[in-house]
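These exercises concern the packing, the pocket and the strand pairing of one protein chain. Work through each task with the structure open, then read the solution below it.

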Amino acid sequence: WPSFLATLRTNGPNSNTVDNSSVEGLLYESLITIHPETEDFIPCLASHWKVETRPDMTQTFTFRIDEKAKWADGTPVQADDVYWSWWHRVQEDRDDPSTAMTFREGYHEPKVLDRHTIQVATKGANWRLFLYFGGMSIYPAREIAIPGAKYLEDYNWKYPMGSGPYVLKDGDLKKGES
(Lines give C-alpha, C1' and ligand atoms only; values in the text may rest on other atoms or scores of the structure.)
Protein backbone atom coordinates (compact mmCIF):
# COMPACT_ATOMS: atom_id res chain seq x y z
CA TRP A 1 0.00 0.00 0.00
CA PRO A 2 1.34 3.43 -0.82
CA SER A 3 0.15 4.92 2.51
CA PHE A 4 -0.97 3.72 5.93
CA LEU A 5 -4.71 3.41 6.60
CA ALA A 6 -6.35 6.49 8.14
CA THR A 7 -8.35 4.27 10.52
CA LEU A 8 -9.12 0.62 11.14
CA ARG A 9 -12.81 1.34 11.74
CA THR A 10 -15.17 -0.51 9.45
CA ASN A 11 -17.72 2.31 9.67
CA GLY A 12 -17.39 6.03 10.34
CA PRO A 13 -15.05 8.79 9.17
CA ASN A 14 -12.29 7.69 6.76
CA SER A 15 -13.49 4.07 6.75
CA ASN A 16 -14.95 3.87 3.24
CA THR A 17 -11.73 3.14 1.38
CA VAL A 18 -10.68 0.30 -0.89
CA ASP A 19 -7.88 -0.65 1.50
CA ASN A 20 -10.26 -0.86 4.48
CA SER A 21 -12.71 -2.92 2.43
CA SER A 22 -9.93 -5.33 1.48
CA VAL A 23 -8.99 -5.92 5.11
CA GLU A 24 -12.64 -6.07 6.23
CA GLY A 25 -13.31 -8.84 3.71
CA LEU A 26 -10.64 -10.99 5.37
CA LEU A 27 -11.84 -10.46 8.94
CA TYR A 28 -15.63 -10.56 8.60
CA GLU A 29 -18.23 -12.69 6.90
CA SER A 30 -21.68 -11.76 5.69
CA LEU A 31 -24.86 -13.83 5.64
CA ILE A 32 -24.48 -14.57 1.93
CA THR A 33 -22.12 -13.79 -0.90
CA ILE A 34 -22.12 -14.13 -4.68
CA HIS A 35 -20.47 -17.10 -6.39
CA PRO A 36 -17.60 -15.72 -8.52
CA GLU A 37 -18.45 -17.81 -11.57
CA THR A 38 -22.21 -18.47 -11.53
CA GLU A 39 -23.17 -15.18 -9.82
CA ASP A 40 -25.69 -17.12 -7.71
CA PHE A 41 -26.15 -16.26 -4.05
CA ILE A 42 -24.27 -18.72 -1.85
CA PRO A 43 -24.13 -19.17 1.94
CA CYS A 44 -21.61 -17.62 4.30
CA LEU A 45 -22.90 -17.23 7.86
CA ALA A 46 -26.46 -18.09 6.77
CA SER A 47 -27.19 -21.70 5.93
CA HIS A 48 -30.65 -20.91 4.51
CA TRP A 49 -32.68 -17.91 3.44
CA LYS A 50 -36.12 -17.13 2.12
CA VAL A 51 -37.27 -14.14 0.07
CA GLU A 52 -40.98 -13.26 0.11
CA THR A 53 -42.33 -10.61 -2.26
CA ARG A 54 -45.57 -8.79 -1.42
CA PRO A 55 -48.02 -7.37 -3.97
CA ASP A 56 -46.51 -3.88 -3.54
CA MET A 57 -43.14 -5.43 -4.55
CA THR A 58 -41.59 -4.86 -1.10
CA GLN A 59 -39.92 -7.93 0.30
CA THR A 60 -39.23 -9.82 3.50
CA PHE A 61 -35.93 -11.66 3.91
CA THR A 62 -35.51 -14.42 6.46
CA PHE A 63 -32.03 -15.75 7.21
CA ARG A 64 -31.09 -18.82 9.23
CA ILE A 65 -27.60 -18.57 10.79
CA ASP A 66 -25.51 -21.70 10.34
CA GLU A 67 -25.20 -23.36 13.74
CA LYS A 68 -21.49 -23.98 12.97
CA ALA A 69 -20.76 -20.23 12.50
CA LYS A 70 -18.31 -19.03 15.15
CA TRP A 71 -16.45 -15.88 16.16
CA ALA A 72 -12.66 -16.01 16.41
CA ASP A 73 -12.97 -16.82 20.14
CA GLY A 74 -15.17 -19.85 19.39
CA THR A 75 -18.49 -18.37 20.57
CA PRO A 76 -21.44 -18.86 18.21
CA VAL A 77 -22.61 -16.21 15.75
CA GLN A 78 -26.28 -15.55 16.47
CA ALA A 79 -29.21 -13.60 15.06
CA ASP A 80 -28.64 -10.89 17.70
CA ASP A 81 -25.26 -10.20 16.09
CA VAL A 82 -27.01 -9.60 12.75
CA TYR A 83 -29.55 -7.28 14.38
CA TRP A 84 -26.87 -5.22 16.13
CA SER A 85 -24.78 -5.10 12.92
CA TRP A 86 -27.77 -3.44 11.21
CA TRP A 87 -28.41 -1.21 14.25
CA HIS A 88 -24.76 -0.13 14.25
CA ARG A 89 -25.06 1.02 10.63
CA VAL A 90 -28.19 3.15 11.11
CA GLN A 91 -26.87 5.19 14.06
CA GLU A 92 -26.18 8.83 13.24
CA ASP A 93 -23.48 8.99 15.93
CA ARG A 94 -21.19 6.74 13.85
CA ASP A 95 -20.62 9.70 11.47
CA ASP A 96 -21.21 7.50 8.41
CA PRO A 97 -24.18 9.20 6.71
CA SER A 98 -24.16 7.20 3.48
CA THR A 99 -24.25 3.85 5.28
CA ALA A 100 -26.85 5.09 7.77
CA MET A 101 -29.09 6.33 4.96
CA THR A 102 -28.83 3.08 2.97
CA PHE A 103 -29.75 0.84 5.90
CA ARG A 104 -32.29 3.20 7.53
CA GLU A 105 -34.19 4.02 4.35
CA GLY A 106 -34.02 0.52 2.91
CA TYR A 107 -35.34 -1.59 5.78
CA HIS A 108 -37.76 -1.72 8.66
CA GLU A 109 -36.19 -2.75 11.95
CA PRO A 110 -35.15 -6.43 11.75
CA LYS A 111 -36.82 -9.00 14.00
CA VAL A 112 -34.89 -11.71 15.81
CA LEU A 113 -37.15 -14.77 15.57
CA ASP A 114 -34.86 -17.07 17.57
CA ARG A 115 -31.13 -17.53 18.29
CA HIS A 116 -30.44 -18.50 14.69
CA THR A 117 -33.15 -16.73 12.69
CA ILE A 118 -33.58 -13.09 11.72
CA GLN A 119 -36.14 -11.45 9.46
CA VAL A 120 -36.17 -8.02 7.85
CA ALA A 121 -38.75 -6.28 5.65
CA THR A 122 -37.83 -3.75 2.99
CA LYS A 123 -39.41 -0.31 2.81
CA GLY A 124 -39.40 -0.25 -0.97
CA ALA A 125 -38.83 -2.29 -4.09
CA ASN A 126 -35.14 -2.44 -5.01
CA TRP A 127 -33.30 -5.51 -6.25
CA ARG A 128 -30.14 -4.45 -4.37
CA LEU A 129 -31.74 -4.68 -0.92
CA PHE A 130 -31.28 -8.45 -0.61
CA LEU A 131 -27.61 -8.09 -1.49
CA TYR A 132 -27.06 -5.09 0.83
CA PHE A 133 -28.57 -6.76 3.91
CA GLY A 134 -27.31 -10.27 3.15
CA GLY A 135 -23.90 -8.94 2.15
CA MET A 136 -23.23 -6.65 5.14
CA SER A 137 -20.34 -7.65 7.36
CA ILE A 138 -21.58 -9.11 10.63
CA TYR A 139 -19.97 -7.93 13.86
CA PRO A 140 -20.35 -9.31 17.39
CA ALA A 141 -23.18 -7.54 19.22
CA ARG A 142 -21.16 -7.46 22.43
CA GLU A 143 -18.65 -5.13 20.76
CA ILE A 144 -20.76 -2.81 18.62
CA ALA A 145 -23.92 -2.23 20.69
CA ILE A 146 -22.24 0.83 22.19
CA PRO A 147 -22.62 4.63 21.87
CA GLY A 148 -21.07 6.18 18.77
CA ALA A 149 -18.42 8.22 20.59
CA LYS A 150 -17.17 5.06 22.31
CA TYR A 151 -17.18 3.13 19.01
CA LEU A 152 -15.31 5.89 17.16
CA GLU A 153 -12.67 6.06 19.90
CA ASP A 154 -12.31 2.37 20.81
CA TYR A 155 -12.22 1.09 17.23
CA ASN A 156 -10.11 3.73 15.54
CA TRP A 157 -7.03 1.46 15.69
CA LYS A 158 -8.49 -1.99 16.28
CA TYR A 159 -11.19 -4.16 14.77
CA PRO A 160 -14.14 -5.83 16.45
CA MET A 161 -13.71 -9.60 16.59
CA GLY A 162 -14.44 -11.30 13.28
CA SER A 163 -15.65 -14.63 11.98
CA GLY A 164 -13.56 -14.59 8.80
CA PRO A 165 -10.40 -16.51 7.98
CA TYR A 166 -7.97 -13.95 9.47
CA VAL A 167 -7.49 -12.24 12.85
CA LEU A 168 -5.60 -9.04 13.64
CA LYS A 169 -4.41 -9.42 17.22
CA ASP A 170 -3.55 -6.63 19.63
CA GLY A 171 0.14 -5.90 19.17
CA ASP A 172 0.22 -6.99 15.50
CA LEU A 173 -0.27 -3.39 14.36
CA LYS A 174 2.46 -0.78 14.46
CA LYS A 175 0.50 2.42 13.78
CA GLY A 176 1.91 4.23 10.78
CA GLU A 177 4.41 1.46 10.05
CA SER A 178 3.01 -2.03 9.56
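**Exercise 1.** Find the residues that Phe133 touches, not counting residues up to four places away in sequence.

Solution. The model is a predicted one. With contact taken as heavy atoms within 4.5 Å, Phe133 touches Leu31, Phe63, Val82, Trp86, Phe103, Tyr107, Pro110 and Val120. Next, place Phe133 in the largest nonpolar core, which has 26 residues. Phe133 is among the members that touch the most other members, together with Leu31, Phe63, Val82, Trp86 and Tyr107.

**Exercise 2.** Which elements give two or more residues to this core?

Solution. They are strand S4 (59-65), helix H2 (79-90), strand S6 (117-121) and helix H4 (128-135). H2 supplies the largest share, six residues. A second core, separate from this one, has eight residues, including Leu8, Val23, Leu27 and Ile144.

**Exercise 3.** Describe how strand S3 (residues 46-53) pairs with S4.

Solution. The two strands run in the antiparallel sense and pair over seven bridges. To fix the register, start at Glu52: its bridge partner in S4 is Thr60. Then follow the hairpin, where five residues lie between the strands. Met57 takes a positive phi there, near 75 degrees.

**Exercise 4.** What is the volume of the largest pocket, and how many residues of each class line it?

Solution. The volume is about 310 Å³. Of the 19 lining residues, Tyr159, Val167, Leu168, Lys169 and Asp170 are the closest to the pocket centre. Sorted by class, the lining has 11 nonpolar, two polar and six charged residues.

Notes: Residues numbered from 1 in each chain as written. Predicted model: local features only at pLDDT ≥ 70, side-chain atom pairs only at ≥ 80, totals over all residues. Heavy atoms only, no water. Core = buried A, V, L, I, M, F, W, Y, C linked by side-chain atoms within 4.5 Å. Buried < 20%, exposed > 50% of the residue type's maximum accessible area, 1.4 Å probe, protein only. Helix = DSSP H or I, 4+ residues; strand = E, 2+ residues; numbered from the N terminus. 1 Å grid on protein atoms, 1.4 Å probe; cavity = no way out; pocket = protein on both sides within 12 Å on 5 of 7 lines; lining within 4 Å. Points joined across faces, edges and corners; volume = space filled by probe spheres on them. Nonpolar A, V, L, I, M, F, W, Y, C, P; charged D, E, K, R; others polar. Pairing = 2+ DSSP bridges.
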